Amino acid sequence: MPTSFKNYSQLFRSFKPDPPSWLWHNDLRRYFPMLNPNQKRAVEHPGGPTLVLAGAGAGKTSVLTQRVARLCQRGISPSRILVVTFTNKAAKEMKERLAKLLGKDVVKEIWAGTFHSICGRILRQEIENLDLGYNKKFAIYDPRDQEKAMDRVIRSLNLDPKDYKPSQMLQVVGKFKNSGIHPDAISPREVEDPFQIRVYRQYQQFLRTNNAMDFDDMLFLTLQLLQEQPEVLERLQERFEHILVDEYQDTNSVQFELIKNLADHWRNVFVVGDVDQSIYSFRHANFRIILRFQQDYPDATILKLEENYRSTGRILEAANQLISKNKERFEKTLIATRGPGEPIRFHAAQHEDDEASFIVKQIQRLKEQDNLNWGDFAILYRTNSQSRLFEQKLVGANMPYHVVGGFRFYDRREIKDLLGYLQVLSNPQDSLSLRRILNVPKRGLGPKALETLETFATFEGRGLTLWQAIQEESVSCQLGGKAQESLQEFTQIMKRLSQLVLPVGELLERVYVESGYKAEIEAETDEKIRQNRHENVQALIQAAIDYEDKSKDPTNLLGFLEEVALFSDSDSRQEGKSIMLMTVHSAKGLEFPVVFIPGVEEGIFPHVRSVYEGETAIEEERRLMYVALTRARNHLFLIHCAARRNKRASISNRLSRFMVEIHDHLKIPGTLMVAVRQHEYEQRVKKMNNKGFADLPDENPLKISGTSFSGAPMGRAPAASAPRPQAPAAVPGLVRATPAPKPPASLPRPAAERAEPLALQAGDRVMHPQWGIGKVQKVIRTLASISFGGQTRTLDLSVAPLQKLG
């Protein structure tokens, strides 16, 4: 770089811009009456380490937006402000708000985006300084590409993918990367299986060979860059005078180190978060990072945003009471600004079919009664497996719905194919994408030809990429006549396309036609399939054109591919058109006038794993329920099933402890309840919470086997002569005790006796047909906690298909 860092430093320190025209694009003072006193204090804070504890619905986006605008008004150059958000959608919303305050040209200068997009931008400029073999045109592998890469690595090591599942190995590797640990720094004693280290090391080598990285690498390598290249670090530290971070409670160790390093010079780090909404430990988020902010910055200022502008008073009272049970948190209470609102409705269903029918009827009733849109309703469940019956009932009622987390647009075959062409044009080293498109559309280059090419590339340690092998005349001679001709034609097409410098949308259209892909789709005989695939391609082209409109350089293919790679399902939600079905994790950051939370039962919510993993896991489940409750604006429904079917058995379910904790705030139909000794139940829950997995009480609140509420054996209907119990009068209880539903006649009854539970102890190794090899962590009675490739699962040893290994 011709200009020295010293000159940069002098340049930045002397930079005092004249008041530009955009400074008063909108006078921010007229917006201040819209802020409450605490929000104003946050917006006007002079600087230094600042933690804003922002409760759910407390207007944190407005505070962050106006804080950025206020900094610009003070004369801080927009290019020296870094804003890190948790999702692309949040970044887009913030930019749109800022554009109204400051103008579009100003917003383009601000560094605003997710951790991954910010790190991607830094790596595009600086990656070659790491001397790892990467260049600036590196590809970013999405989760499906990562699995394909890991599968090839596992097979190259002569390991069985059934024992070393790619998805599980990626979790292991991700855990290391998010902790900032290189494969060479891992001792065999630190892992359950030494092969995990080999897999990690070989996977990284595969990525480097293909000039590719996964999402974790984007953060991991950026941190490595800052730690190993002091000049780069100093340049970036000097540049970012103010750093603002949203959703700070969801940061992991690597993200924390990134922010700490970048903010070390100016120390103007302004973070916004809420430990009560930290729910992503499975993504390696560490909620204790926000708790120790004052330790990391002893001179920090702590501000609280407690006024809630989303939910009604009764909903907030329940949420406050629930989260107050957690110990690891900051003291904070949400304050209602919208009045008390409707009572929270609790419904005790007989079975899951009754649960789904109740929700559909309530949607029909409220839509007509309150003149609501379909998109005003959300069904938030703990796990994806709960959605099936809701979908079935909504289809039957002819009601539109959208399942968040379904098949992504960018995962469709024709989209992946065309993006594969663009990836190879951008980064010819990307052998994974090249493998995908070599015979798409079909051109006579099948598995045999591919095997010949790959063998040539790696034979005798040549170390060629697939693209390099393709261009070797000696290898094409080894192919058959038709394949040889097709390979030459393919090479000419790619070389011709690589010479073009066109806006991304036009380039994509040329690829679509010249690759022969358009002709293949037009030759499809099924009109519906043909039309659907054509529409998908046109939507991709439109996405490329939209990218051109907002990009400084419409020919920037790398930028478009990066945007696609970092796209998430939450970025494409169409509000207002459909009833939303999603997990609570997916609902974070959203709000709906009407929210249904089904499955409020022990073993479902809280999840069965957390019940046996101890207090820390239970506290995260409680935070998850808190997030679920605070998604609701006006109406909140909580549904509990007396019994659920598990294969051929009917399993009785205890009410979730979280409902016990907020029972004072629930409107419970007395006609559906019977008396229970609530104090005894709470004491049992407290005993289990305090003792954790190792000392579970004899009567486990999570009842997996035994008898149904009716007293009939599990899986059997009550005797035909047994009278149906009458609904009791209203009583102060919480668990409904109606008979378990009679299984359909078509379902055979389960065997009267089960096999003896598998005898295991901690340290034993087992084989599972789906999850591969696992190591037993703990055993209590018939339940075992077993780690499979870094993921711990709790299994019932009397039914789990496990084989003990020697």
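## Strands 22 and 23 and their sheet

Strand 22 (residues 783-788) and strand 23 run antiparallel and are joined by six bridges; strands here are DSSP runs of E with at least two residues, and helices are runs of H or I with at least four residues, each numbered from the N terminus. Within this pairing, Ser785 has Thr794 of strand 23 as its bridge partner. The model is a predicted one, in which local features need pLDDT of at least 70 and side-chain atom pairs count only at pLDDT 80 or more, while totals for chains, interfaces and linings use all residues. Residues are numbered from 1 along each chain as its sequence is written, and side-chain values use heavy atoms, with hydrogens and water left out.

Both strands belong to an open sheet of five strands in the order 23-22-21-20-24, with antiparallel pairing, where two strands count as paired if DSSP finds at least two bridges between them. At the edges lie strand 23 (791-796) and strand 24 (803-805), each of which pairs on one side only.

## Helix 20 and its two sides

Helix 20 (residues 447-458) has 12 residues, which at 1.5 Å a residue should span 16 Å (the expected span is 1.5 Å times one less than the number of residues), and its end C-alpha atoms are 16 Å apart, in agreement with this. Its buried residues are Ala449, Leu450, Leu453, Glu454, Phe456 and Ala457, where buried means under 20% relative accessible area, exposed means over 50%, and partly exposed lies in between (1.4 Å probe, protein chains only). Because these residues cover an arc of only 160° around the axis, they are on the same side of helix 20; the arc is that of the directions from the helix axis to the C-beta atoms. On the other side of helix 20, the exposed residues are Pro447, Lys448, Glu451 and Thr458.

## Aromatic pairs

The structure holds 12 aromatic pairs, which are rings of Phe, Tyr and Trp (its six-membered ring) with centres within 6.5 Å, and which count as stacked with planes under 30 degrees apart, edge-to-face over 60, and tilted for the rest. One of them is the tilted pair of Phe293 and Tyr297, with 5.0 Å centre to centre and 40° between the planes. Phe293 counts as buried because its relative accessibility is 0%, and Tyr297 is buried with a relative accessible area of 7%. Tyr381 and Phe390 form a stacked pair, 6.4 Å centre to centre with 10° between the planes, and both Tyr381 and Phe390 are buried.
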